[in-house]
Amino acid sequence: MTFPTITTGPAPAQPHTHTVVFLHGRGDNVQAFANGLGHWRDSRNRTLADAFPTFRWVLPQAPMRKLASGPETWPQWFDVWNVRDFAENEELQAEGLREVIPVFRKMLADEAARLGGRWDRIVLAGISMGAATSTHLLFNLKEPLGAFMGFSARCPFSGRSLTKMREVMALDDVPEHNDVLAKTPVLLEHCADDPLVLVQRGRALRDTLREFGCQVEWKEYPNGGHWFHTPQGMDDAVNFIETHVMNKMRT
């Protein structure tokens, strides 16, 4: 399995210093997502690409999957039986995750190779189902990343230990420790009025990641719905990358 991708950056005449792999949400397509990112601005009217001109941006497209709960076929990283109760027929979610996580592990390895093997210059990010997928990807990596950013995020198979989470995926070549989680800074942003992934699920992910050893920055906004908060959410994302990714390069 491979995913079509949109890649942009670095800006003209700029070196390639970092890569962001950014996963879109369920039902979205990568072109619309790329356009949406272009409208997400900070208080200085900058996009993320404007703020970090030396970054390469990799935006993969989710595969089309028939919904098990209905006749439709949607772009989605994995299927969900009931979006109002993610725990119902929860094992369905593992089928797609088992397929896509190995593909993303290779994608991240290839991007690290472009940077001379510097996994610490890779940022993994996702929104909604893209963030849920990225969370389980993080659980099953063997190299720490520069950072992980999740927006409107939740954790499939919430309530299990890290070991049990990995057992559900049943993937090959996974770590038996939490070193990646302990060494990868995490930013989670969630709008309190999100109607699709309730903020309580984002808080639960925050607590789960902290229990697993992550250093999590949690940002909650009163409004913004199921999307990025602007401009404060964008300001917070830029500050997070500056603090936890760019400052490492300068030291």
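## Cores and salt bridges in a predicted model

The largest nonpolar core holds 49 residues, and W77, F104, F139, M169, L188 and L209 touch the most other members. Helix α3 gives this core its largest share, nine residues. The structure is a predicted model.

F139 shows what such packing looks like. Neighbours within four places in sequence are left aside here. F139 is then in contact with C155, L162, M165, R166, P175, L181, L209 and F212. One of these partners, L209, is itself among the core members that touch the most others.

Another core lies apart from the largest one. This other core has 27 residues, including L37, A51, V123 and F151.

Now to the charged side chains. How many salt bridges does a search of the whole structure find? The search finds 13. Three of them are set out below.

| Salt bridge | N to O distance |
|---|---|
| D42 and R46 | 2.9 Å |
| E99 and R65 | 2.9 Å |
| R114 and E111 | 3.8 Å |

Take D42 and R46. Their closest N and O atoms are 2.9 Å apart. Are these two residues buried or exposed? Both are buried.

E99 and R65 also meet in a salt bridge, at 2.9 Å from N to O. This pair links distant parts of the chain. E99 sits in helix α3, residues 91-114, while R65 sits in strand β4, residues 64-66. The two are 34 residues apart. Their surroundings can be compared through accessibility. E99 counts as partly exposed because its relative accessibility is 39%, a value between the 20% and 50% limits. R65 has a relative accessible area of 14%, so R65 is buried, the limit being under 20%.

Helix α3 holds both partners of the third pair, R114 and E111. They are three residues apart, about one turn of the helix. Their side chains meet at 3.8 Å, N to O. Why does R114 count as exposed? Its relative accessible area is 54%, and exposed means over 50%. E111 is buried, because its relative accessibility is 5%. This pair does not stand alone. Salt bridges with shared partners join R56, E111 and R114 into one network.

Helix α3 thus appears in several places. Nine residues of the largest core come from α3. E99 lies in α3 and pairs with R65 in strand β4. R114 and E111 both lie in α3 as well.

Terms used:
Residues are numbered from 1 along each chain as its sequence is written. This is a predicted model: local features need pLDDT of at least 70, side-chain atom pairs count only at pLDDT 80 or more; totals for chains, interfaces and linings use all residues. Side-chain values use heavy atoms; hydrogens and water are left out. A salt bridge is a side-chain nitrogen of Lys or Arg within 4 Å of a carboxyl oxygen of Asp or Glu. Buried means under 20% relative accessible area, exposed over 50%, partly exposed in between (1.4 Å probe, protein chains only). Helices (H or I, at least four residues) and strands (E, at least two) are DSSP runs, numbered from the N terminus. A nonpolar core is a set of buried Ala, Val, Leu, Ile, Met, Phe, Trp, Tyr and Cys residues joined through side-chain atoms within 4.5 Å. Contact means heavy atoms within 4.5 Å.
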